[in-house]
There are 2 protein chains.
Amino acid sequence: MTTVQGARARARAEITAAIKDEARRQLAAEGAAKLSLRAVARELGMVSSALYRYFPSRDDLLTALIVDAYDAVGAAAETAHAAAVRAAPGGHLAHWTAVCRAVRAWAVAHPHEYALIYGSPVPGYTAPQDTVGPAARVGLLLVATARAAYEAEGVALPPLPDSLTPEAERLAADLAPDLPPALAVSLVFAWAQLFGLVSFEVFGQFNRIVEDRDAFFATAAERLGREVGLLPGR
Amino acid sequence: MTTVQGARARARAEITAAIKDEARRQLAAEGAAKLSLRAVARELGMVSSALYRYFPSRDDLLTALIVDAYDAVGAAAETAHAAAVRAAPGGHLAHWTAVCRAVRAWAVAHPHEYALIYGSPVPGYTAPQDTVGPAARVGLLLVATARAAYEAEGVALPPLPDSLTPEAERLAADLAPDLPPALAVSLVFAWAQLFGLVSFEVFGQFNRIVEDRDAFFATAAERLGREVGLLPGR
DNA sequence: CTAAAAAGAGAGCACTGCTCTTGCATGCGA
DNA sequence: TCGCATGCAAGAGCAGTGCTCTCTTTTTAG
């Protein structure tokens, strides 16, 4: 039925990957603002107009890099989570902090790609639909971690103010219908706060302020975990 | 002693301000990536090369806008803080949330300027020295709020892990020698987390997830305040 | 084997940041 | 008050950008 892809299709896939690789290199070297289609093409030994056969515009190339970046950080988080579960199946707080640490480690190792997805939206602001799936991976992982803890041992959470009750219920219905609204709210808080900590470190806001970033972040991640009601395993 | 500035200097100040105003307009309309010196000059009826008499490069213009943005958000926060203190001198948690709300309100009203200062570092990454003073205003205000509460009624904070003790002491010595290390650490946590919440809202990460942003943020700000040990006034 | 589809090459348009030279007028010190 | 140095604008020009359009070559599919 589905035959082996012809040589043309294979070449196309290879060239597409080569373009993205070179673009990633320039991204890491100079940042998104200076990523230039012509420079990518030049480096690859092709003429700039040929590149438009693969990506119809510079923004489309950036979108592809964004999707890849979301997938990369999501994969890193999922791998770390799986390893933590294997190491200590009952330590839900440890699973949480493992995910946080993996996100931070990836961000520090790939600052420009991190900036692409969690910094200011670079071009015309509208996130294409292709990005929403990969973008959700880390968030879903945090939800899953909290769910496991909730089902295993429950969670202790501060009460919600009345003003937030409707939003909390809507949020829980959308996000995780099996979890209590207060947990859903705390998860979204922690999600945003986690990336606040990572962004401040990656974007240099901690320069000359925080020195021992590892210890600092470890404590912050644990506090975030406690904020969503996780308890250290026995 | 200091005479009135000559007409030439006054004209220079006016043109400098006009350039920054027009640049801010383009920033708000199109974002930092599309801010163009030539377009600014064109709109002001001058030739592009004349603009270089006022700002030696595009990055210098951006730096000036960054400093102004830090000052604007700092001023907004300080105004809100002063009003909250006037309204309820003993309500330290209310002072805290007032600062948080002011920061968020300014950010939502000026998303592109916010992105300039708390998004990905746009140009060659090195923050010029001129920016560090204005950049610190909001942070210092948070510290001052916590200090007032600490001196008035003390604060209740979770203990620090041993691994963070040296960093915490260094941090407190640098940041606020009169405050306990645990408070200094919690303040930096809350500082980063506050901007994580604001950034996620401004950068669209809450799209299709959080609907009632006001109520959501109000609760988050209060929890951040409690995290640094603030208690609701009587 | 041939017609159609895909890919590359190159020229060209409108734009960008930035530099350099030239001419002008304006505000300053004498 | 006057002369001139200084501050500033104008314009041309360079190298680079995203993107489009043609024209040719290659490859695939029928």
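A polar side-chain atom of Tyr54(B) sits 3.2 Å from a phosphate oxygen of DNA strand D. That contact comes from a predicted model. Chains A and B superpose by a 180° rotation, with an RMSD of 0.1 Å. Two DNA strands, C and D, are covered below, followed by salt bridges.

**DNA strand D**

- Besides Tyr54(B), the backbone of Leu37(A) reaches this strand: one of its polar atoms is 2.7 Å from a phosphate oxygen.
- Ser49(B) contacts a base: an N or O atom of its side chain is 2.8 Å from a base oxygen of DNA strand D.
- On chain A, H1, helix H2 (37–44) and H3 each give two or more residues to the surface near DNA strand D.
- On chain B, helix H1 (7–30) and H3 do so for DNA strand D.
- In total, 22 residues surround DNA strand D.
- The closest are Leu37(A), Arg38(A), Arg42(A), Arg58(A) and Arg53(B).
- By class, the surface near DNA strand D has 9 nonpolar, 5 polar and 8 charged residues.
- Among the atoms of DNA strand D within 4 Å of the protein, sugar or phosphate supplies 50%, and bases supply the rest.

**DNA strand C**

- DNA strand C is surrounded by 21 residues.
- Ser49(A), Leu37(B), Arg38(B), Arg42(B) and Arg58(B) are the closest.
- Of the atoms of DNA strand C that come within 4 Å of the protein, 51% are sugar and phosphate.
- A backbone N or O atom of Arg58(B) is 2.7 Å from a phosphate oxygen of DNA strand C.
- Tyr52(B) uses its side chain: a polar atom there lies 3.4 Å from a phosphate oxygen of DNA strand C.
- Val47(A) uses its backbone: an N or O atom lies 3.5 Å from a phosphate oxygen of DNA strand C.
- Chain A gives two or more residues to this surface from each of helix H1 (7–30) and helix H3 (48–51).
- Chain B does likewise from helix H2 (37–43) and helix H3 (48–51).
- The surface near DNA strand C holds 7 nonpolar, 6 polar and 8 charged residues.

**How the two protein chains relate**

- What rotation superposes chain A on chain B? A rotation of 180° does, with 0.0 Å of shift along its axis.
- The two copies are therefore related as by a two-fold rotation axis.
- The same surface serves both copies, as 98% of the contact residues of chain A recur in chain B.
- Within chain A, the residue closest to the rotation axis is Gly196(A), whose C-alpha is 1.7 Å away.

**Salt bridges**

- Side chains of opposite charge can pair when their charged atoms come close.
- Over all chains, the whole structure has 24 salt bridges.

*Arg24(A) and Asp21(A)*

- These side chains form a salt bridge, with N and O 3.3 Å apart.
- Arg24(A) and Asp21(A) are 3 residues apart in helix H1 of chain A, so about one helical turn separates them.
- Arg24(A) is buried, at 19% relative accessible area.
- Asp21(A) is partly exposed, at 45%.

*Arg170(A) and Glu167(A)*

- Their side chains meet in a salt bridge with an N to O distance of 2.9 Å.
- Both residues lie in helix H9 (residues 165–175) of chain A, 3 residues and about one turn apart.
- Is Glu167(A) buried or exposed? Glu167(A) is buried, with a relative accessible area of 5%.
- Arg170(A) is partly exposed, with a relative accessible area of 25%.

*Asp214(B) and Arg104(B)*

- The closest N and O atoms of this salt bridge are 2.8 Å apart.
- The pair links distant parts of the chain, 110 residues apart.
- Asp214(B) lies in helix H11 (residues 213–227) of chain B, and Arg104(B) in helix H5 (residues 92–109) of chain B.
- Asp214(B) is exposed, with a relative accessible area of 52%.
- Arg104(B) is buried, with a relative accessible area of 12%.

*A network in chain A*

- Which residues do salt bridges with shared partners join into one network? Lys20(A), Asp21(A), Arg24(A) and Asp68(A) are joined in this way.

Definitions and conventions: Residues are numbered from 1 along each chain as its sequence is written. Chains are lettered from A and ligands numbered from 1 in the order in which they are written. This is a predicted model: local features need pLDDT of at least 70, side-chain atom pairs count only at pLDDT 80 or more; totals for chains, interfaces and linings use all residues. Side-chain values use heavy atoms; hydrogens and water are left out. Copies are superposed by least squares on the C-alpha atoms of residues with pLDDT of at least 70 in both. Contact means heavy atoms within 4.5 Å. A residue is near a molecule or strand if one of its heavy atoms lies within 4 Å of it. A polar contact is a pair of N or O atoms within 3.5 Å; within protein, one must be able to donate a hydrogen and the other to accept it, and residues adjacent in sequence count only if both atoms are side-chain atoms. Helices (H or I, at least four residues) and strands (E, at least two) are DSSP runs, numbered from the N terminus. Ala, Val, Leu, Ile, Met, Phe, Trp, Tyr, Cys and Pro count as nonpolar, Asp, Glu, Lys and Arg as charged, and the others, Gly among them, as polar. A salt bridge is a side-chain nitrogen of Lys or Arg within 4 Å of a carboxyl oxygen of Asp or Glu. Buried means under 20% relative accessible area, exposed over 50%, partly exposed in between (1.4 Å probe, protein chains only).
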